[in-house]
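User: I should like a close look at a single part of this model, namely how its side chains pack in the interior. Please explain it in a connected way for a first-year student.

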Amino acid sequence: MASLKRLETEFPILDPDFQSFCALRGIFTVQDFLIRDLQSLVADAEQQPSSERFMQAINQVLYVIDGLHQPWLNGVDLMEDAQKNKHVLSTGCEGMDFLLRGGLRRGQVTELAGPSSSGKTQFCLLTASTVAYKHMGGVIYIDTGNSFSAKRIARFLNQISCPASEEMQPRVLQEVMNSILCHSVYDIFSMFDVLHCLESKLKYQMCRGDNDERLIIIDSISSLITPILGSSGSQGRALMVSAMSLLKKLAHEYNLAVLVTNHTVGGDGGIPKPALGESWKTLPHVRLLLSRDCGSNTYQVSLLKHPSIASGKAAKFIIND
Amino acid sequence: MEVGRLPISAALKGKLVSAGYTSLSLLSSLSPSHLARDLNISENEALDILNHAPHDGRIDTSGGHHIISGAQTAWDMLHEEELLTRITTSSVDIDNILGGGISCREVTEIGGVPGIGKTQLGIQLAVNVQLPVHCGGLGGKAIYIDTEGSFMVERVLQIAEACWDDMLANNAISQNVHAGQVGMQPKDFLENILYFRVCSYTEQIALINYLDKFISEHRDVKIVVVDSITFHFRQDFEDMALRTRLLSGMALKLMKLAKKFCLAVVLLNQVTTKYAEGSFHLTLALGDSWSHACTNRIILYWNGNERYAYIDKSPSLRSASAPYAVTARGIRNNVSNCKRIKLM
């Protein structure tokens with residue numbers, strides 16, 4: 001959305017004559033161009049002495065505008081994309097896979113909310129191990145609480161690959177663990193930096209055709225958003241929405257599954273509800289609420305929101321030590 | 001709009017958008033003076049904005065090495081974790097359930113009812129961190145942030161003397177040290193504890209902001225103990241939303257300190273009652289939103305007449321409890337049922 005003056009360097013047809021023609025009608029930027037009535041502008045241009053050049057210039061601006069939005073897709077294109085690219089990633093946890101009909105879907109953002117020590121980090125580590133091992137994919141783990149434990153990942157990988165409690169071969173273990181990348185971020189702007197770099201890297205890999213990233217995990221996104229949410233002005237909420245829209249864009253364009261965790265706060269009657277407020281509720285595609293039976297390894301998860309499964313279903317699962 | 005993601009003030013963001021700079025790519029090849037003229041701001045502010053805008057040349061796209069700056073693979077972290085030493089708590093049972101002791105690079109929260117021994121444990125850790133590595137410490141200094149005024153110097157001296165006696169006894173038995181090598185007198189332990197007294201929540205936040213610079217100048221600090229983190233936030237806070245924001249910001253800064261300088265952060269917390277599932281029970285203070293701000297959580301509780309420590313939250317340790325006792329010599333194992341003399 002640049003001003004016409006700036007476009008002149010790239011498209012010399014938008015010469016100062018055209019700019020003063022537009023300025024007389026109050027058009028200085030491409031945005032003004034979109035607001036004005038195009039037909040009356042064209043009619044005016046035809047009455048000018050250099051009408052040919054003006055028509056070409058108007059077409060040039062329209063061409064620039066057309067290049068700025070995503071291409072139109074129809075239902076058939078979307079279906080093909082879903083079948084070819086948007087597969088389901090198993091989480092390694094049978095109860096969760098059963099509830100989600102296969103696991104985390106690529107192209108969707110899944111939120112896992114739960115009170116403290118209810119197993120969110122354990123589930124994230126288990127999913128990271130499973131995706132790295134079974135799907136041979138890259139995992140980006142963004143950690144905000146220093147809770148990424150490589151030892152736990154190694155234990156999960158040993159469990160997944162050799163259930164008879166043998167040790168995995170070190171070479172295989174190294175290869176799988178090298179595909180899990182961990183970033184520590186402590187504020188939301190660092191997270192934007194990381195996602196920005198990731199986007200450039202994925203764009204580059206997409207051109208070369210060797211894209212193997214499968215999953216982004218952010219544990220936990222609520223600790224990045226809580227310090228900025230709710231102060232005077234809506235900056236915090238704007239940043240939250242902006243972060244989610246970037247994650248959704250990455251998920252859709254590069255066929256990644258995204259898993260974010262959230263904590264809970266007290267709701268009506270003492271029942272915990274997910275934090276981050278009302279405007280957060282609409283942002284993730286899938287929302288899950290996790291709880292743990294006191295002191296045991298049994299977890300209960302219920303589905304709060306899903307685009308294609310009825311909400312309210314629940315499942316139990318166990319994560320072994 | 002992408003300029004919404006820059007860490008600059010809302011007024012500057014508004015000026016950028018109204019001048020037509022809605023995406024970051026438009027800023028990439030601009031000079032500060034040009035930007036300053038367009039937005040009608042000073043050159044310094046324009047330079048500041050341009051420094052925040054990411055440059056395309058930051059990632060290394062040459063060849064196959066596509067690691068984004070700052071990332072580590074899980075394999076490297078596994079090796080690093082194996083090399084990390086831990087700080088002993090002087091009680092072998094607690095060390096066992098903690099996998100060796102309090103670990104660095106993590107924030108550990110310890111909570112319990114008044115009188116259970118939280119301050120004692122904090123003082124014990126501040127003394128133990130100064131022990132050499134083969135005795136269970138890290139050979140470093142300690143920062144003790146006191147918000148309640150419960151730090152008693154005479155008690156620290158008592159614990160330090162007991163620690164020094166144990167160290168001498170150990171070294172005499174293992175026969176691998178000359179008389180002069182032990183070197184430290186009990187008073188030296190006191191010299192290596194850096195003490196801050198905090199009297200209000202603004203002082204506490206200011207101190208935690210200042211710690212980054214302080215620890216860069218005192219690189220041998222290996223543990224930060226905050227006793228207690230909740231005291232100034234529990235009373236007289238009318239604006240709960242502000243309290244939540246301040247606490248979560250503080251939690252992130254402490255996490256960043258722990259990771260950046262590879263030290264242990266220990267936060268001592270108080271308890272409160274919560275009504276849930278038809279009964280009252282004790283939980284740690286400051287609510288649910290604070291409860292996710294630590295990496296590990298240990299709860300100290302009474303079981304009959306004995307003190308127990310229970311691991312409530314940890315990414316890699318199993319839930320377990322261990323008994324301990326608070327003695328004149330500091331935190332030690334609970335020997336009431338044990339008829340054998342344990343070697344420390």
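**Packing around one core residue**

Analyst: In this predicted model, Met177(A) touches Ala150(A), Ile153(A), Ala154(A) and Leu157(A), and also Thr73(B), Ala74(B), Trp75(B) and Leu78(B), leaving aside residues up to four places away in sequence. Met177(A) belongs to the largest nonpolar core, which has 45 residues. Within that core, Met177(A) is one of five residues that touch the most other members, together with Met96(A), Phe148(A), Leu288(A) and Phe317(A). Helix α8 (residues 120–134) of chain A gives the most to this core, with seven residues. A second, separate core holds 42 residues, including Leu121(B), Ile123(B), Leu138(B) and Val156(B). In soluble globular proteins, nonpolar side chains tend to be buried together.

Burial can also be followed along a helix. Helix α13 (residues 235–254) of chain A has 20 residues, and its end C-alpha atoms are 28 Å apart, which agrees with the 28 Å expected at 1.5 Å a residue. Its buried residues include Leu239(A), Met240(A), Leu246(A), Leu247(A) and Tyr254(A). The buried residues of α13(A) pack against several elements of chain A, among them β6 (213–219), α11 (188–208) and β7 (257–262). Just after α13(A), Asn255(A) takes a positive phi of about 55 degrees.

A pair of helices gives a further example. The axes of α2 (residues 16–24) and α5 (residues 51–66), both of chain A, come within 10 Å and cross at roughly 80 degrees, so α2(A) is roughly perpendicular to α5(A). Asp17(A), Phe18(A) and Phe21(A) of α2(A) meet Phe54(A), Ala57(A), Ile58(A) and Val61(A) of α5(A). By class, this contact has six nonpolar, no polar and one charged residues.

Terms used:
Residues are numbered from 1 along each chain as its sequence is written. Chains are lettered from A and ligands numbered from 1 in the order in which they are written. This is a predicted model: local features need pLDDT of at least 70, side-chain atom pairs count only at pLDDT 80 or more; totals for chains, interfaces and linings use all residues. Side-chain values use heavy atoms; hydrogens and water are left out. Helices (H or I, at least four residues) and strands (E, at least two) are DSSP runs, numbered from the N terminus. The expected span of a helix is 1.5 Å times one less than its number of residues. Buried means under 20% relative accessible area, exposed over 50%, partly exposed in between (1.4 Å probe, protein chains only). Contact means heavy atoms within 4.5 Å. Axes are lines fitted to C-alpha atoms, for helices over the stretch in contact, and angles run from 0 to 180 degrees between N-to-C directions. Angles under 35 degrees count as roughly parallel, over 145 as roughly antiparallel, 65 to 115 as roughly perpendicular and the rest as oblique. Ala, Val, Leu, Ile, Met, Phe, Trp, Tyr, Cys and Pro count as nonpolar, Asp, Glu, Lys and Arg as charged, and the others, Gly among them, as polar. A nonpolar core is a set of buried Ala, Val, Leu, Ile, Met, Phe, Trp, Tyr and Cys residues joined through side-chain atoms within 4.5 Å.
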